[in-house]
Amino acid sequence: THSRDKDAIATSCLIAEMALQLKKKGKTLIDLLNEIYQTFGPFNEKQLSLSFGGGIEGIEKMQMLMENLRKNPPEEIGGQKVISIEDYLISEKRYIESQKKDRLTLPVSNVLVFRLTDNSKYVIRPSGTEPKLKIYGLSRSKNLDSVEQSLSSLKMTYFS
């Protein structure tokens with residue numbers, strides 16, 4: 001509440017305070033970052049937008065692709081097995097191996113989430129304003145290329 005300006009100003013003050021407190025302990029911000037990686041692992045994110053042109057044809061193609069993903073979900077993405085699928089349109093999380101189902105409590109939305117064995121996840125949803133699909137890759141990997149390769153694989157398999 002001490003800063004009525006942009007969030008970055010307050011955040012910069014907090015980072016400066018973190019750096020000071022770490023310096024008193026003989027550590028740096030990079031040391032702290034490495035500790036976070038040790039505890040939680042490195043995660044990389046990448047977003048891909050797939051456009052289907054204007055008009056009703058683009059919207060219909062986008063809807064058809066989402067339906068196809070629901071009927072024929074990937075068994076693996078980027079070499080990692082899909083362990084669960086969250087379908088927010090029907091408020092259901094399905095575990096692949098056990099076929100157990102849990103109810104999702106977030107609002108109904110045309111969103112699919114694929115969770116993988118390495119704790120990565122891929123979120124796929126249509127844009128709310130134009131005939132585009134948005135794919136968000138959140139990968140637990142030191143290699144950002146793995147996220148890009150997985151997104152490319154998804155694109156070629158399901159959206160060509």
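The exercises below, each with a worked solution, concern a predicted model.

Residues are numbered from 1 along each chain as its sequence is written. In this predicted model, local features need pLDDT of at least 70, side-chain atom pairs count only at pLDDT 80 or more, and totals for chains, interfaces and linings use all residues, while side-chain values use heavy atoms, with hydrogens and water left out.

**Exercise 1. State which residues of the largest nonpolar core touch the most other members, and which helix gives the most to this core.**

Step 1. Start with the term: a nonpolar core is a set of buried Ala, Val, Leu, Ile, Met, Phe, Trp, Tyr and Cys residues joined through side-chain atoms within 4.5 Å. Buried means under 20% relative accessible area, exposed over 50%, and partly exposed in between, with a 1.4 Å probe and protein chains only.

Step 2. The largest nonpolar core has 19 residues, and Ile 77, Phe 114, Leu 133 and Ile 135 touch the most other members.

Step 3. Elements giving two or more residues to this core include strand 1 (44–51), helix 3 (55–71), strand 8 (132–139) and helix 4 (144–158). Helices (H or I, at least four residues) and strands (E, at least two) are DSSP runs, numbered from the N terminus.

Step 4. Helix 3 gives the most to this core, with 4 residues.

Step 5. Tyr 88, Val 111, Val 113 and Val 123 are among the members of a second, separate core of 5 residues. One of them, Val 113, is found in strand 6 and counts as buried at 5% relative accessibility.

**Exercise 2. Classify Asp 87 and Met 156 as buried or exposed.**

Step 1. Asp 87 lies in strand 3. Its relative accessible area is 8%, so Asp 87 is buried.

Step 2. The side chains of Asp 87 and Arg 70 are joined by a polar contact of 2.8 Å. Such a contact is a pair of N or O atoms within 3.5 Å; within protein, one must be able to donate a hydrogen and the other to accept it, and residues adjacent in sequence count only if both atoms are side-chain atoms.

Step 3. Met 156 lies in helix 4. Its relative accessibility is 61%, so Met 156 counts as exposed.

**Exercise 3. Compare the span of helix 2 with the expected value, and describe both ends of the helix.**

Step 1. The expected span of a helix is 1.5 Å times one less than its number of residues.

Step 2. Helix 2 (residues 29–40) has 12 residues and reaches 16 Å from its first C-alpha to its last, close to the 16 Å expected.

Step 3. At the start of helix 2, a side-chain oxygen of Thr 28 comes to within 3.3 Å of the backbone nitrogen of Ile 30.

Step 4. After helix 2 comes Gly 41, with a positive phi near 85°.

**Exercise 4. Find where Ser 91 and Gln 99 lie, and give the phi of each.**

Step 1. Most residues other than glycine have a negative phi.

Step 2. Ser 91 is not a glycine, yet its phi is positive, about 55°. This residue is found in the loop between strand 3 and strand 4 (92–95), and Ser 91 is buried, with a relative accessible area of 9%.

Step 3. Gln 99 also is not a glycine and has a positive phi, of about 65°. Gln 99 lies in the loop between strand 4 and strand 5 (101–103) and counts as partly exposed at 44% relative accessibility.
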